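Please look at the structure below with its sequence beside it, and follow the explanation one part at a time.

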Amino acid sequence: MPPNFAEAKAKLSHLDMEENPATIRNKSRDFFWYSPVLKDAMDHLEADFVINAKSEDEIIEILKVCYAHDVPVTMRGGGTGNYGQAMPLAGGCVIHVAKMNKIKEIGAGFVVVEPGAVIKELDDELKEKSGQELRMFPSTYSQATIGGFIAGGSGGVGSANWGALRDLGNIKRLRVVTMEAEPRVLEFTGEELHRVSHAYGTNGIITELELPLAPAYEWIEVFVRFDTFRTATEFAGAITAEPGVLIKLASVYAAPIAHSYFQRVKPHVTESDHLVGLIVAPHNIDGFLTLLERFKDGDVIYRSDAVTWDRHPGPIYEFGWNHTTLRAMKFNKGLTYLQVRYVGGLEKVMEAYEAFEGKLHMHLELMREGDGIAFAGLPIVQPMNKDELDQLVADHEAMDCMIFNPHRYTLEEGGRQSADERQLAFKRESDPKGLLNPGKMIAWDEPDFDYADMYSYKNTRPKPEAAE
(Lines give C-alpha, C1' and ligand atoms only; values in the text may rest on other atoms or scores of the structure.)
Protein backbone atom coordinates (compact mmCIF):
# COMPACT_ATOMS: atom_id res chain seq x y z
CA MET A 1 0.00 0.00 0.00
CA PRO A 2 1.24 3.53 -0.69
CA PRO A 3 1.84 5.62 2.44
CA ASN A 4 -1.02 7.81 3.58
CA PHE A 5 0.86 10.81 4.94
CA ALA A 6 -2.24 12.98 5.36
CA GLU A 7 -4.11 10.46 7.52
CA ALA A 8 -1.05 9.75 9.67
CA LYS A 9 -0.47 13.48 10.21
CA ALA A 10 -4.11 13.99 11.14
CA LYS A 11 -4.03 11.22 13.75
CA LEU A 12 -0.79 12.56 15.23
CA SER A 13 -1.66 16.26 15.05
CA HIS A 14 -2.13 16.51 18.82
CA LEU A 15 1.60 15.91 19.28
CA ASP A 16 4.37 18.50 18.89
CA MET A 17 4.43 18.51 15.08
CA GLU A 18 6.52 20.98 13.07
CA GLU A 19 4.59 23.08 10.57
CA ASN A 20 7.27 25.45 9.29
CA PRO A 21 8.74 24.15 5.98
CA ALA A 22 12.19 25.56 6.83
CA THR A 23 12.18 23.75 10.19
CA ILE A 24 11.05 20.51 8.57
CA ARG A 25 13.91 20.78 6.08
CA ASN A 26 16.44 21.59 8.80
CA LYS A 27 15.35 18.63 10.95
CA SER A 28 15.52 16.34 7.92
CA ARG A 29 19.25 16.90 7.46
CA ASP A 30 22.50 15.74 9.00
CA PHE A 31 26.14 16.43 8.06
CA PHE A 32 25.95 14.36 4.84
CA TRP A 33 27.48 17.34 2.99
CA TYR A 34 30.96 16.32 4.21
CA SER A 35 30.86 14.11 1.10
CA PRO A 36 30.41 15.72 -2.33
CA VAL A 37 28.90 12.42 -3.48
CA LEU A 38 26.29 12.34 -0.71
CA LYS A 39 25.59 16.05 -1.12
CA ASP A 40 24.69 15.44 -4.76
CA ALA A 41 22.58 12.38 -3.90
CA MET A 42 20.80 13.66 -0.77
CA ASP A 43 20.55 17.43 -0.83
CA HIS A 44 16.92 17.35 -1.99
CA LEU A 45 15.68 14.94 0.68
CA GLU A 46 13.32 15.93 3.46
CA ALA A 47 10.58 14.49 5.61
CA ASP A 48 6.89 14.96 4.95
CA PHE A 49 6.43 15.82 8.61
CA VAL A 50 8.50 16.06 11.81
CA ILE A 51 7.37 15.26 15.35
CA ASN A 52 9.27 16.30 18.47
CA ALA A 53 8.67 13.29 20.70
CA LYS A 54 8.65 13.88 24.45
CA SER A 55 8.36 10.32 25.79
CA GLU A 56 8.55 6.64 25.00
CA ASP A 57 4.74 6.51 25.01
CA GLU A 58 4.65 9.13 22.27
CA ILE A 59 7.18 7.18 20.21
CA ILE A 60 5.03 4.07 20.55
CA GLU A 61 2.00 6.02 19.39
CA ILE A 62 3.87 7.50 16.41
CA LEU A 63 5.20 4.11 15.32
CA LYS A 64 1.79 2.48 15.65
CA VAL A 65 0.05 5.14 13.54
CA CYS A 66 2.80 5.26 10.92
CA TYR A 67 2.78 1.47 10.67
CA ALA A 68 -0.97 1.45 10.08
CA HIS A 69 -0.59 4.00 7.27
CA ASP A 70 2.67 2.65 5.76
CA VAL A 71 4.61 5.81 6.54
CA PRO A 72 8.43 5.51 6.78
CA VAL A 73 10.05 6.71 10.01
CA THR A 74 13.57 8.08 10.51
CA MET A 75 15.08 9.01 13.88
CA ARG A 76 16.91 12.28 14.45
CA GLY A 77 19.04 13.45 17.36
CA GLY A 78 21.57 16.26 16.97
CA GLY A 79 21.94 15.55 13.27
CA THR A 80 25.74 15.54 13.44
CA GLY A 81 26.26 12.20 11.68
CA ASN A 82 28.11 12.75 8.44
CA TYR A 83 27.22 9.89 6.13
CA GLY A 84 23.49 10.34 5.84
CA GLN A 85 22.44 8.10 8.73
CA ALA A 86 19.52 10.39 9.61
CA MET A 87 18.50 11.40 6.08
CA PRO A 88 14.94 10.26 5.22
CA LEU A 89 15.50 8.58 1.85
CA ALA A 90 11.78 7.83 1.46
CA GLY A 91 10.42 10.94 3.15
CA GLY A 92 7.73 10.17 5.72
CA CYS A 93 8.05 11.02 9.40
CA VAL A 94 11.19 12.19 11.17
CA ILE A 95 11.03 11.73 14.94
CA HIS A 96 13.19 14.32 16.68
CA VAL A 97 14.16 13.28 20.22
CA ALA A 98 15.83 16.44 21.58
CA LYS A 99 13.07 16.75 24.19
CA MET A 100 13.69 13.21 25.46
CA ASN A 101 16.76 14.30 27.39
CA LYS A 102 16.24 13.23 30.99
CA ILE A 103 18.93 11.60 33.10
CA LYS A 104 17.03 8.87 34.94
CA GLU A 105 19.72 7.48 37.23
CA ILE A 106 23.38 8.01 38.06
CA GLY A 107 25.11 5.19 39.89
CA ALA A 108 28.59 3.96 40.68
CA GLY A 109 30.04 3.44 37.21
CA PHE A 110 26.84 3.88 35.18
CA VAL A 111 24.18 6.29 33.97
CA VAL A 112 20.65 5.69 32.65
CA VAL A 113 19.56 8.37 30.20
CA GLU A 114 17.08 9.16 27.45
CA PRO A 115 18.40 9.30 23.86
CA GLY A 116 17.98 13.03 23.25
CA ALA A 117 20.41 14.23 25.91
CA VAL A 118 23.14 16.40 24.39
CA ILE A 119 26.39 14.65 25.26
CA LYS A 120 28.25 17.66 26.70
CA GLU A 121 25.27 18.62 28.87
CA LEU A 122 25.00 15.02 30.06
CA ASP A 123 28.72 14.88 30.83
CA ASP A 124 28.65 18.22 32.67
CA GLU A 125 25.85 16.99 34.93
CA LEU A 126 27.62 13.69 35.55
CA LYS A 127 30.78 15.49 36.64
CA GLU A 128 28.89 17.89 38.88
CA LYS A 129 26.72 15.27 40.58
CA SER A 130 29.00 12.23 40.74
CA GLY A 131 32.58 13.07 39.77
CA GLN A 132 32.20 10.67 36.83
CA GLU A 133 32.17 11.12 33.06
CA LEU A 134 31.33 9.25 29.88
CA ARG A 135 34.01 6.96 28.53
CA MET A 136 33.89 8.38 25.02
CA PHE A 137 32.21 10.95 22.85
CA PRO A 138 32.34 12.33 19.29
CA SER A 139 34.15 15.55 18.37
CA THR A 140 30.65 17.05 17.99
CA TYR A 141 30.40 16.76 21.79
CA SER A 142 28.50 20.02 22.27
CA GLN A 143 25.81 19.20 19.66
CA ALA A 144 25.43 15.43 19.34
CA THR A 145 22.86 13.45 21.31
CA ILE A 146 23.77 10.29 23.17
CA GLY A 147 21.23 8.12 21.32
CA GLY A 148 22.51 9.28 17.95
CA PHE A 149 26.09 8.53 18.97
CA ILE A 150 25.22 4.95 19.94
CA ALA A 151 22.98 4.37 16.91
CA GLY A 152 25.28 5.97 14.35
CA GLY A 153 28.78 6.28 15.79
CA SER A 154 31.60 3.81 16.22
CA GLY A 155 34.14 5.52 18.48
CA GLY A 156 35.64 8.89 19.27
CA VAL A 157 37.37 10.83 22.00
CA GLY A 158 38.11 8.17 24.61
CA SER A 159 38.74 5.38 22.11
CA ALA A 160 42.47 5.77 22.71
CA ASN A 161 41.77 4.10 26.05
CA TRP A 162 38.40 2.37 25.79
CA GLY A 163 38.38 1.13 22.17
CA ALA A 164 35.30 1.15 19.95
CA LEU A 165 31.71 1.65 21.07
CA ARG A 166 30.81 -1.91 20.16
CA ASP A 167 33.65 -3.40 22.22
CA LEU A 168 32.45 -5.38 25.23
CA GLY A 169 31.51 -3.24 28.20
CA ASN A 170 31.14 0.09 26.38
CA ILE A 171 27.32 -0.18 26.30
CA LYS A 172 25.50 -1.78 29.22
CA ARG A 173 21.83 -1.82 28.17
CA LEU A 174 19.54 -0.45 25.47
CA ARG A 175 15.76 -0.11 25.61
CA VAL A 176 14.21 -0.40 22.15
CA VAL A 177 10.75 0.02 20.63
CA THR A 178 9.74 -2.01 17.54
CA MET A 179 7.66 -0.84 14.58
CA GLU A 180 4.76 -3.27 14.34
CA ALA A 181 0.97 -3.14 14.50
CA GLU A 182 1.44 -3.30 18.28
CA PRO A 183 4.95 -1.99 19.04
CA ARG A 184 6.90 -3.93 21.65
CA VAL A 185 9.34 -2.53 24.19
CA LEU A 186 12.47 -4.69 24.51
CA GLU A 187 15.61 -4.48 26.64
CA PHE A 188 18.94 -5.67 25.29
CA THR A 189 22.18 -6.50 27.11
CA GLY A 190 25.27 -8.55 26.27
CA GLU A 191 25.42 -10.01 22.77
CA GLU A 192 21.93 -8.69 22.01
CA LEU A 193 23.25 -5.11 22.01
CA HIS A 194 24.79 -5.64 18.58
CA ARG A 195 21.32 -5.97 17.10
CA VAL A 196 20.72 -2.23 17.35
CA SER A 197 24.00 -0.47 18.16
CA HIS A 198 25.37 1.27 15.06
CA ALA A 199 22.28 0.23 13.08
CA TYR A 200 21.13 3.77 12.14
CA GLY A 201 17.69 3.13 13.65
CA THR A 202 16.87 0.69 10.86
CA ASN A 203 15.48 -2.01 13.12
CA GLY A 204 14.32 -0.40 16.36
CA ILE A 205 14.06 2.91 18.16
CA ILE A 206 16.32 3.43 21.19
CA THR A 207 14.36 5.10 24.00
CA GLU A 208 16.73 4.57 26.94
CA LEU A 209 20.42 3.84 27.37
CA GLU A 210 22.51 2.55 30.25
CA LEU A 211 26.16 3.40 29.73
CA PRO A 212 29.34 2.85 31.75
CA LEU A 213 31.16 5.78 33.34
CA ALA A 214 34.75 6.49 34.29
CA PRO A 215 36.29 8.78 36.93
CA ALA A 216 36.31 12.40 35.78
CA TYR A 217 39.62 14.29 35.71
CA GLU A 218 40.77 17.80 34.91
CA TRP A 219 42.38 16.51 31.73
CA ILE A 220 45.46 18.25 30.34
CA GLU A 221 45.37 18.98 26.61
CA VAL A 222 48.65 19.05 24.70
CA PHE A 223 50.01 19.74 21.23
CA VAL A 224 53.40 18.22 20.37
CA ARG A 225 55.32 19.24 17.23
CA PHE A 226 57.50 16.76 15.32
CA ASP A 227 59.95 17.07 12.43
CA THR A 228 58.75 13.91 10.66
CA PHE A 229 55.41 12.19 10.18
CA ARG A 230 56.94 8.81 11.07
CA THR A 231 58.17 10.01 14.45
CA ALA A 232 54.87 11.72 15.20
CA THR A 233 53.01 8.50 14.39
CA GLU A 234 55.46 6.35 16.36
CA PHE A 235 55.03 8.58 19.41
CA ALA A 236 51.23 8.60 19.18
CA GLY A 237 51.27 4.81 18.98
CA ALA A 238 53.67 4.54 21.89
CA ILE A 239 51.69 6.82 24.20
CA THR A 240 48.47 4.95 23.37
CA ALA A 241 50.12 1.59 24.06
CA GLU A 242 51.82 2.72 27.29
CA PRO A 243 49.80 0.92 30.00
CA GLY A 244 50.66 3.30 32.83
CA VAL A 245 49.75 6.53 31.02
CA LEU A 246 46.03 7.29 30.84
CA ILE A 247 45.03 9.28 27.77
CA LYS A 248 41.74 10.16 26.16
CA LEU A 249 42.93 11.28 22.72
CA ALA A 250 45.93 10.78 20.46
CA SER A 251 45.57 12.42 17.05
CA VAL A 252 48.25 12.80 14.36
CA TYR A 253 48.10 15.61 11.82
CA ALA A 254 50.57 15.36 8.96
CA ALA A 255 52.07 18.56 7.57
CA PRO A 256 50.71 20.93 6.42
CA ILE A 257 47.35 20.34 8.20
CA ALA A 258 48.15 22.33 11.36
CA HIS A 259 49.64 25.27 9.49
CA SER A 260 47.01 25.33 6.75
CA TYR A 261 43.80 24.60 8.62
CA PHE A 262 44.25 25.18 12.38
CA GLN A 263 43.94 28.96 12.55
CA ARG A 264 44.99 29.44 16.18
CA VAL A 265 47.78 26.87 15.94
CA LYS A 266 49.25 28.31 12.73
CA PRO A 267 51.45 30.99 14.42
CA HIS A 268 53.22 28.25 16.39
CA VAL A 269 54.07 25.81 13.56
CA THR A 270 55.57 25.82 10.08
CA GLU A 271 54.24 24.25 6.87
CA SER A 272 56.57 21.29 7.41
CA ASP A 273 55.65 20.58 11.04
CA HIS A 274 53.69 17.46 11.96
CA LEU A 275 51.47 17.67 15.01
CA VAL A 276 50.16 15.30 17.68
CA GLY A 277 47.14 16.31 19.76
CA LEU A 278 46.76 14.62 23.14
CA ILE A 279 44.43 14.62 26.12
CA VAL A 280 46.34 13.27 29.14
CA ALA A 281 45.22 12.53 32.70
CA PRO A 282 46.83 15.07 35.06
CA HIS A 283 48.39 12.42 37.28
CA ASN A 284 50.12 10.89 34.24
CA ILE A 285 51.62 14.03 32.71
CA ASP A 286 55.02 13.02 34.10
CA GLY A 287 54.81 9.67 32.35
CA PHE A 288 53.90 11.42 29.10
CA LEU A 289 56.91 13.76 29.40
CA THR A 290 59.24 10.89 30.22
CA LEU A 291 58.09 8.97 27.15
CA LEU A 292 58.42 12.06 24.96
CA GLU A 293 62.10 12.40 25.96
CA ARG A 294 62.74 9.15 24.07
CA PHE A 295 61.61 10.87 20.86
CA LYS A 296 64.28 13.46 20.23
CA ASP A 297 62.48 15.65 17.67
CA GLY A 298 59.25 16.16 19.65
CA ASP A 299 58.52 19.52 21.28
CA VAL A 300 55.54 20.46 23.45
CA ILE A 301 54.16 23.68 21.99
CA TYR A 302 50.92 23.90 24.00
CA ARG A 303 49.62 22.75 27.38
CA SER A 304 46.16 23.65 28.63
CA ASP A 305 47.42 23.82 32.23
CA ALA A 306 50.10 26.40 31.34
CA VAL A 307 48.78 28.46 28.43
CA THR A 308 51.30 30.89 26.92
CA TRP A 309 49.58 31.52 23.59
CA ASP A 310 47.90 34.86 22.97
CA ARG A 311 44.78 33.09 21.72
CA HIS A 312 43.46 29.92 23.36
CA PRO A 313 42.98 27.22 20.69
CA GLY A 314 39.79 25.84 22.23
CA PRO A 315 39.18 22.19 23.14
CA ILE A 316 41.69 19.86 21.50
CA TYR A 317 38.97 17.30 20.80
CA GLU A 318 37.56 19.85 18.34
CA PHE A 319 40.71 19.42 16.25
CA GLY A 320 40.36 15.64 16.05
CA TRP A 321 38.12 12.99 14.57
CA ASN A 322 35.59 14.49 12.13
CA HIS A 323 36.35 18.05 13.23
CA THR A 324 39.69 17.90 11.40
CA THR A 325 37.87 17.67 8.08
CA LEU A 326 35.37 20.32 9.15
CA ARG A 327 38.18 22.77 9.92
CA ALA A 328 39.82 22.10 6.56
CA MET A 329 36.53 22.58 4.69
CA LYS A 330 36.26 26.10 6.12
CA PHE A 331 39.31 26.98 4.02
CA ASN A 332 38.40 24.89 0.95
CA LYS A 333 34.84 23.63 0.58
CA GLY A 334 35.95 21.15 -2.07
CA LEU A 335 37.98 19.09 0.41
CA THR A 336 36.56 15.83 1.75
CA TYR A 337 37.84 12.77 3.59
CA LEU A 338 38.05 8.98 3.87
CA GLN A 339 37.77 6.60 6.81
CA VAL A 340 40.54 3.99 6.77
CA ARG A 341 41.81 1.23 9.02
CA TYR A 342 45.48 0.57 8.27
CA VAL A 343 45.73 -3.17 8.73
CA GLY A 344 49.42 -3.77 9.32
CA GLY A 345 50.14 -0.99 11.78
CA LEU A 346 52.77 1.71 11.43
CA GLU A 347 54.40 0.35 8.27
CA LYS A 348 51.05 0.22 6.46
CA VAL A 349 50.40 3.81 7.54
CA MET A 350 53.77 4.87 6.12
CA GLU A 351 53.15 2.96 2.89
CA ALA A 352 49.86 4.80 2.42
CA TYR A 353 51.42 8.13 3.41
CA GLU A 354 53.98 7.80 0.63
CA ALA A 355 51.63 6.25 -1.94
CA PHE A 356 48.97 8.96 -1.74
CA GLU A 357 51.19 12.02 -1.40
CA GLY A 358 49.55 14.90 -3.24
CA LYS A 359 46.09 13.33 -3.07
CA LEU A 360 45.51 13.56 0.67
CA HIS A 361 46.92 14.78 3.97
CA MET A 362 47.21 12.07 6.59
CA HIS A 363 45.18 12.40 9.77
CA LEU A 364 45.21 9.52 12.25
CA GLU A 365 43.31 8.67 15.40
CA LEU A 366 44.80 6.06 17.71
CA MET A 367 42.47 3.48 19.24
CA ARG A 368 42.78 0.55 21.61
CA GLU A 369 41.99 -2.69 19.83
CA GLY A 370 41.93 -5.89 21.85
CA ASP A 371 45.29 -6.12 23.59
CA GLY A 372 46.94 -3.76 21.09
CA ILE A 373 46.33 -0.52 19.23
CA ALA A 374 44.89 0.42 15.86
CA PHE A 375 45.60 3.29 13.49
CA ALA A 376 42.34 4.76 12.24
CA GLY A 377 42.70 7.22 9.40
CA LEU A 378 40.48 10.16 8.55
CA PRO A 379 42.73 11.70 5.90
CA ILE A 380 41.80 15.02 4.31
CA VAL A 381 41.28 14.37 0.60
CA GLN A 382 41.93 16.90 -2.14
CA PRO A 383 38.91 17.95 -4.28
CA MET A 384 37.82 15.00 -6.43
CA ASN A 385 34.79 13.91 -8.41
CA LYS A 386 32.94 10.67 -7.70
CA ASP A 387 34.99 8.57 -10.13
CA GLU A 388 38.25 9.85 -8.67
CA LEU A 389 37.05 9.14 -5.12
CA ASP A 390 36.00 5.64 -6.14
CA GLN A 391 39.46 5.09 -7.61
CA LEU A 392 41.12 6.39 -4.44
CA VAL A 393 39.05 3.91 -2.43
CA ALA A 394 39.99 1.09 -4.81
CA ASP A 395 43.67 2.02 -4.57
CA HIS A 396 43.51 1.86 -0.77
CA GLU A 397 41.77 -1.51 -0.84
CA ALA A 398 44.37 -2.83 -3.28
CA MET A 399 46.93 -2.06 -0.55
CA ASP A 400 44.85 -4.07 1.97
CA CYS A 401 43.64 -0.93 3.76
CA MET A 402 40.13 -1.36 5.13
CA ILE A 403 37.77 1.41 3.98
CA PHE A 404 34.70 2.49 5.92
CA ASN A 405 33.36 4.48 3.01
CA PRO A 406 31.97 7.88 4.06
CA HIS A 407 30.72 8.53 0.53
CA ARG A 408 28.06 5.82 0.81
CA TYR A 409 25.03 5.78 3.07
CA THR A 410 24.21 2.10 3.61
CA LEU A 411 25.27 0.26 6.73
CA GLU A 412 27.26 -2.29 4.78
CA GLU A 413 29.15 0.09 2.47
CA GLY A 414 30.11 2.36 5.35
CA GLY A 415 31.00 -0.60 7.57
CA ARG A 416 32.72 -3.92 7.14
CA GLN A 417 31.30 -4.59 3.68
CA SER A 418 29.20 -7.57 4.63
CA ALA A 419 25.71 -8.20 5.95
CA ASP A 420 25.23 -8.13 9.72
CA GLU A 421 22.99 -11.15 10.13
CA ARG A 422 22.05 -10.21 13.71
CA GLN A 423 20.76 -6.83 12.62
CA LEU A 424 18.98 -8.27 9.61
CA ALA A 425 17.31 -11.00 11.67
CA PHE A 426 16.12 -8.47 14.22
CA LYS A 427 14.78 -6.17 11.50
CA ARG A 428 12.63 -9.04 10.23
CA GLU A 429 11.16 -9.31 13.74
CA SER A 430 10.92 -5.65 14.65
CA ASP A 431 10.09 -3.92 11.35
CA PRO A 432 8.16 -6.36 9.13
CA LYS A 433 7.13 -3.69 6.63
CA GLY A 434 10.65 -2.24 6.36
CA LEU A 435 9.52 1.25 7.37
CA LEU A 436 12.37 2.15 9.74
CA ASN A 437 14.96 4.37 8.02
CA PRO A 438 14.40 2.58 4.69
CA GLY A 439 17.14 2.32 2.11
CA LYS A 440 20.04 2.09 4.57
CA MET A 441 20.36 -1.73 4.83
CA ILE A 442 21.39 -3.59 1.68
CA ALA A 443 20.75 -6.94 3.36
CA TRP A 444 17.06 -6.03 3.66
CA ASP A 445 16.57 -4.47 0.23
CA GLU A 446 18.69 -6.94 -1.74
CA PRO A 447 19.25 -10.12 0.31
CA ASP A 448 21.24 -11.88 -2.45
CA PHE A 449 23.63 -9.00 -3.07
CA ASP A 450 27.23 -10.11 -3.78
CA TYR A 451 29.51 -8.17 -1.43
CA ALA A 452 32.55 -9.26 -3.42
CA ASP A 453 31.63 -6.40 -5.76
CA MET A 454 30.71 -4.02 -2.96
CA TYR A 455 30.35 -0.76 -4.82
CA SER A 456 28.20 -2.13 -7.61
CA TYR A 457 25.16 -1.69 -5.36
CA LYS A 458 22.71 0.84 -6.72
CA ASN A 459 19.95 2.03 -4.45
CA THR A 460 17.26 3.17 -6.84
CA ARG A 461 14.53 3.39 -4.21
CA PRO A 462 12.14 6.17 -5.31
CA LYS A 463 10.24 8.26 -2.82
CA PRO A 464 6.87 6.52 -2.47
CA GLU A 465 3.77 8.22 -3.78
CA ALA A 466 1.39 9.20 -1.02
CA ALA A 467 -2.15 7.93 -1.06
CA GLU A 468 -4.79 10.45 -2.07
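In this predicted model, a good place to begin is helix 5, whose buried residues are Ile 119, Leu 122, Asp 123 and Leu 126. These residues lie on the same side of helix 5, because the arc that they cover around its axis is only 95°. A general rule helps in reading such a pattern: an α-helix has 3.6 residues a turn, so residues three or four places apart point the same way. On the other side of helix 5 the picture is reversed, for Glu 121, Glu 128 and Lys 129 are exposed there. The buried residues are covered by elements that include strand 4 (103-107), strand 5 (110-113), strand 6 (132-134), helix 6 (146-152) and strand 9.

The length of helix 5 can be checked as well. Its 12 residues, 119-130, should span 16 Å at 1.5 Å a residue, and the C-alpha atoms at its ends are indeed 16 Å apart, so the two values agree. After helix 5 comes Gly 131, which has a positive phi near 70°.

From here we can turn to Ile 146, which touches Ile 119 and Leu 122, and whose other contacts, leaving aside residues up to four places away in sequence, include Val 113, Leu 134, Leu 209 and Leu 211. Ile 146 is also one of the residues with the most contacts inside the largest nonpolar core, which has 123 residues, and Phe 223, Phe 235, Leu 278 and Phe 288 are the others named with it. Because domain 1 (1-216 + 410-467) and domain 2 (220-404) both give residues to this core, it lies between them. A second core, separate from this one, has 26 residues, among them Leu 15, Val 65, Val 73 and Met 179. More broadly, nonpolar side chains tend to be buried together in soluble globular proteins.

Some details of the backbone also deserve a look. In the loop between strand 8 (185-188) and strand 9 (205-215) we find His 198, which has a positive phi near 50° although it is not glycine. Tyr 200 is found in the loop between strand 8 and strand 9 too, and its phi is likewise positive, at about 60°. Are these residues buried or exposed? His 198 has a relative accessible area of 15% and Tyr 200 one of 6%, and because buried means under 20%, both count as buried.

Finally, the peptide bond from Ala 255 to Pro 256 is cis, with omega near 5°, and Pro 256 is placed in the loop between strand 11 (247-253) and helix 9 (257-261).

Technical notes: Residues are numbered from 1 along each chain as its sequence is written. This is a predicted model: local features need pLDDT of at least 70, side-chain atom pairs count only at pLDDT 80 or more; totals for chains, interfaces and linings use all residues. Side-chain values use heavy atoms; hydrogens and water are left out. A nonpolar core is a set of buried Ala, Val, Leu, Ile, Met, Phe, Trp, Tyr and Cys residues joined through side-chain atoms within 4.5 Å. Buried means under 20% relative accessible area, exposed over 50%, partly exposed in between (1.4 Å probe, protein chains only). Domain bounds come from an automatic or database domain assignment. Contact means heavy atoms within 4.5 Å. Helices (H or I, at least four residues) and strands (E, at least two) are DSSP runs, numbered from the N terminus. The expected span of a helix is 1.5 Å times one less than its number of residues. The arc is that of the directions from the helix axis to the C-beta atoms.
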